[in-house]
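Grab your viewer and work through these exercises one at a time. Try each task before you read its solution.

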Amino acid sequence: MSKNEIKIDFTKPANVDFLQNLLVCPLCQARLNFYPDAIACTSCAQKFPQVQKNCIDLLPHHLVENEWNQWGERQQEMEQWYSDLIAIPLHAEWCFANDYTPYAPLLATLSGLVLDIGGGNGVVRHFLPKDVQYILLEPSLEWLGTEWTLIAKRYPCMETKPLFVRGIGEYLPFPEQSFDAVLSFWSMNHAHQPEQVFHEVYRVLRAGGRFLVILEDMEPLWRDFVARSYINLGVTHWARTFVQKLSCLGRQKWPLQSDHVRIRESEIQQWIAGNFQIVRRSWIGQYLTFELQKI
């Protein structure tokens, strides 16, 4: 069977051919064949049915459906939260502004080819330089709904769909050393195997590439309570988390949102050892933020 170009109906498509040429099998990193209704790996013969016209689907369904049932439930809970959020567009606009604006100076320094893991609707494009080549990897198709155009007046980038690849961070469908930067905004806590995501990001980053990781539900270190970035979060937050930290001395676990997986900073240190150096560690908007650089 000859290789045919799959017809992808991206709104105002940009570099779709480039994206197809970049992609590889998420399971074995071999070359892909594109057919009208499916994508097939040339090595492991894994097939990925294509049922949507506005994205490329490389989600390993046999893994997430058979082995990651709890992951699926957590995904549904997350999807419902964002569905409720966009039901009030002004609230959604405020939420994205509140969460992303503190990162605007850092995002403005990115260049080249940028991968956004679990980037949702791709609103982070609003804060990236115009010449950045942006690819969004996301397992949920709910983000492709037209309701997100309701915030396009505040975020003009929402008028067009990003280059959307359906997939997961544990199995990135990209070759080694493909990206100049990788983003993970609040998505690592939704991963099934966050350690594997770190390893995959290392694989697809170019030498010196940057990995920006923003995490939720992270327990502060004792030294954070005297750090400027943590003190600047406010007296109320400082006092509340200090009491929670004291409670953990009695073996009470740090609070965890129901659709999140627990990630400890000591684990991150192990996962990045020998692969990344920490350029920056700080608390921004109550989120623990790491800017890492591939060694």
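**Exercise 1. Place Gln193 and describe its surroundings.**

Step 1: Gln193 sits in the loop between β8 (179–185) and α6. Helices here are DSSP runs of H or I with at least four residues, strands are runs of E with at least two, and both are numbered from the N terminus.

Step 2: before going on, a word on the model. It is a predicted one, where local features need pLDDT of at least 70 and side-chain atom pairs count only at pLDDT 80 or more, while totals for chains, interfaces and linings use all residues. Residues are numbered from 1 along each chain as its sequence is written, and side-chain values use heavy atoms, with hydrogens and water left out.

Step 3: Gln193 counts as partly exposed because its relative accessibility is 31%. The cut-offs are under 20% relative accessible area for buried, over 50% for exposed and partly exposed in between, with a 1.4 Å probe and protein chains only.

Step 4: skipping residues up to four places away in sequence, Gln193 touches Trp68 and Glu170; contact means heavy atoms within 4.5 Å. Gln193 is also 9.9 Å from Trp71, C-alpha to C-alpha, with the two positions 122 residues apart in sequence.

**Exercise 2. Describe how α6 and α9 pack.**

Step 1: two packed helices are described by the angle between their axes and the distance between the axes.

Step 2: for α6 (residues 194–204) and α9 (residues 265–272), the angle is about 35° and the axes are 10 Å apart. Axes are lines fitted to C-alpha atoms, for helices over the stretch in contact, and angles run from 0 to 180 degrees between N-to-C directions.

Step 3: the α6/α9 crossing is right-handed, that is, the near helix is turned clockwise from the far one by less than a right angle (anticlockwise would be left-handed).

Step 4: on the α6 side you'll find Pro194, Glu195, Phe198 and His199, and they meet Ile268, Trp271 and Ile272 of α9. Sorted by class, the contact of α6 with α9 has five nonpolar residues, one polar and one charged. Here Ala, Val, Leu, Ile, Met, Phe, Trp, Tyr, Cys and Pro count as nonpolar, Asp, Glu, Lys and Arg as charged, and the others, Gly among them, as polar.

**Exercise 3. Is Met218 buried or exposed, and which residues does Met218 touch?**

Step 1: look in the loop between β9 (205–215) and α7 (228–231), where Met218 lies.

Step 2: Met218 counts as buried, because its relative accessibility is 5%.

Step 3: leaving out residues up to four places away in sequence, Met218 touches Trp254, Ile263, Arg264, Glu265, Ile268, Trp283 and Leu288.

Step 4: Met218 and Gln286 are 68 residues apart along the chain, and their C-alpha atoms are separated by 9.3 Å.

**Exercise 4. Find the positive phi angles at Gln29 and Gln286.**

Step 1: most residues other than glycine have a negative phi, and most peptide bonds are trans.

Step 2: Gln286 isn't a glycine, yet has a positive phi of about 70°. Gln286 lies in the loop between β10 (276–284) and β11 (287–294), and is partly exposed at 41% relative accessible area.

Step 3: Gln29 has a positive phi too, about 65°. You'll find Gln29 in the loop between α1 (16–22) and β1 (32–34), partly exposed with a relative accessible area of 33%.

**Exercise 5. Check the span of α4 and list its buried residues.**

Step 1: helix α4 (residues 89–100) has twelve residues, so at 1.5 Å a residue it should span 16 Å. The expected span is 1.5 Å times one less than the number of residues.

Step 2: the end C-alpha atoms of α4 are 16 Å apart, which agrees.

Step 3: the buried residues in α4 include Ala92, Glu93, Cys95, Phe96, Ala97, Asp99 and Tyr100.

**Exercise 6. Which residues touch the most other members of the largest nonpolar core?**

Step 1: a nonpolar core is a set of buried Ala, Val, Leu, Ile, Met, Phe, Trp, Tyr and Cys residues joined through side-chain atoms within 4.5 Å.

Step 2: the largest has 48 residues, and Phe174, Phe179 and Phe211 touch the most other members.

Step 3: a second, separate core of 38 residues includes Phe127, Leu128, Met158 and Phe185.
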